[in-house]
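Please open the model in your viewer and keep the selection panel at hand, since this tour goes from one selection to the next.

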Amino acid sequence: MSVIARLREDGPRPGQPLRVLAASGQLGNGIPEPALRAGVARQPHVIGCDMGSIDPGPYYLGAGQMATSPAVTRRDLRLVVQAARQAKVPLLIGSAGTAGAAPHLAAVREMLHGILREDGLALRVAVIHADMDRAWLKAMAAAGRMRPIGGIGAATAAEIDGAAQIVGQMGTEAFLRALALEPDIILAGRACDTAVFAAVPLLLGYPPAAATHMAKIIECTSLCCVPGGRDAILGTLYGDEFELESMNPARAATPVSVAAHSLYEQADPLQVAEPEGVLNLAETRFAALDERRVRVGGARWTPAVQPSVKIEGASWCGERAVMLSASCDPKVIENRKAILAGVRGIVADILPGQDYELRARVYGAGASGLFPGMAPLPEPAEVFFLLECIAPTAELAKAVVGVAKQNLLHFGFPGRLSTGGNIAFPFTPPELPAGPAYRFSLYHIAECDDLAAVFPVELEIMR
């Protein structure tokens, strides 16, 4: 009997405890083994792992690369496969390979295949694809059924055609279709974090409000605890309420720490929008069971009248080079704006007519940005200069930061006492190639009338 069939036949029902073990907040960054072992010993009904995010920026989506080390990713993947086999439960993985596009999914699929072959296992693996059909996207954009998120512009046919990779963020609907195939493992492309952990509870009939709220918290494992960390966390769902407990005894889930996690990655802490509906947290209750455990309830779920999909696309915008330096010279710090403006002018004179963008950030002096209305920062005793160039070729990008470096080092300014030594470099060479640069060209919500058509599922007997 498959692990899914066993769950359907013998698993818990609403009102009974359903144990969901979140093994990793981003698989590939190193799973702490003691907490994972402790979680397996608690006899979970399902193990879930989030594997990706847009947090690392557009590069990994555009380039089709993983943000995590292949060696550590392989280690983590083997640990969770072994844990699921030991517990005899399904393993669900979302946002494979960081960004969840075809190359990311293929890389993790190959890694998983190698692990199963080496360990002598033959398992049913459901693979869910998240790459978006460009013709469909253009039709949706033309019909006015795509809206931008934040400050990005309207979706255009040119942006859709020009993106290196485009994915949609699947919800629980795709996972439920995959579970119907009775897999041992689900390996999904770009996915909502909550979908990974809410799918099995929904399969077994648990209320979507509590299941989704629990999933929202445990997808980051023990980050909701004091002190926060990346250890496995166990969510136990009963019906309209659930309990949380970190599998590391040094971490405590408290009412304040768990409630505060509602602010994580949310513009509105009271509403969480998913493809299939909206989670409302306005009436949520948080109660301490003891010093380390919390019971949570009170969330409400409103099904979507119109399902939707978040679209993420990344486009190449050039080759990047950077230059790193620092100064503790008070006169350099005082004159930094004029110095940088002068350096820009010199570079433009030396490399006239070239297509490049040169940016300067001065850390210690407001480079990370100030909110409007805040008082200026006091003058620092030390600053760090980061010069970044994006150009059509890596050679030109490096040439620009090289010229900028030399002129920053010797630039004349009022009060200068030394013709050199006003700028220090942490290492040589201080100008470094940083590879291709990408930008988010698509960051939109698309209405979707047929989620099943957008996120196809295939089943493979992998050995």
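What follows is a walk through enclosed cavities, ring pairs and a charge placed over a ring. Please keep in mind throughout that this is a predicted model.

**Stop one: the cavities**

The count of cavities of 30 Å³ or more comes to 2. For the largest cavity, select Ser53, Ile54, Gly57, Tyr60, Leu61, Thr98, Ala99, Arg190 and Glu312, which together form its lining. The space inside the largest cavity is about 50 Å³, and its lining residues divide into 4 nonpolar, 3 polar and 2 charged.

Now clear that selection and choose Val332, Ile339, Leu408, Leu409, His410, Phe411, Phe413, Asn422 and Ile423, the residues that line the second largest cavity. Its volume is about 40 Å³. Which helix gives the largest share of this lining? Colouring helix α14 (residues 394-410) shows the contributor, with 3 residues. By class, the lining of the second largest cavity has 7 nonpolar and 2 polar residues, and no charged residues.

**Stop two: the aromatic pairs**

The structure holds 3 aromatic pairs. Begin by selecting Tyr59 and Tyr60, whose ring centres are 5.1 Å apart and whose planes stand at 85°; because planes over 60 degrees apart count as edge-to-face, this pair falls in that class. Tyr59 counts as partly exposed, at 29% relative accessibility, and Tyr60, which you have already met in the lining of the largest cavity, is also partly exposed, at 23%.

Keep Tyr59 selected and add Tyr438, where the ring centres are 5.9 Å apart and the planes at 70°, so this pair is edge-to-face as well. The pair links distant parts of the chain, since Tyr59 sits in helix α3 (residues 59-63) and Tyr438 in strand β18 (residues 431-447), 379 residues apart. Is Tyr438 buried or exposed? Its relative accessible area is 15%, and because the cut-off for a buried residue is under 20%, Tyr438 counts as buried. With Tyr59, Tyr60 and Tyr438 displayed together, you have a cluster linked by ring pairs.

**Stop three: a charge over a ring**

Finally, select Arg295 together with Tyr238, and turn the view until you look onto the face of the tyrosine ring. Arg295 lies over that face, at 4.6 Å from the ring centre of Tyr238.

Methods
Residues numbered from 1 in each chain as written. Predicted model: local features only at pLDDT ≥ 70, side-chain atom pairs only at ≥ 80, totals over all residues. Heavy atoms only, no water. 1 Å grid on protein atoms, 1.4 Å probe; cavity = no way out; pocket = protein on both sides within 12 Å on 5 of 7 lines; lining within 4 Å. Points joined across faces, edges and corners; volume = space filled by probe spheres on them. Nonpolar A, V, L, I, M, F, W, Y, C, P; charged D, E, K, R; others polar. Helix = DSSP H or I, 4+ residues; strand = E, 2+ residues; numbered from the N terminus. Phe/Tyr/Trp six-rings, centres within 6.5 Å; stacked < 30°, edge-to-face > 60°. Buried < 20%, exposed > 50% of the residue type's maximum accessible area, 1.4 Å probe, protein only. Lys NZ or Arg CZ within 6 Å of the ring centre and 35° of its normal.
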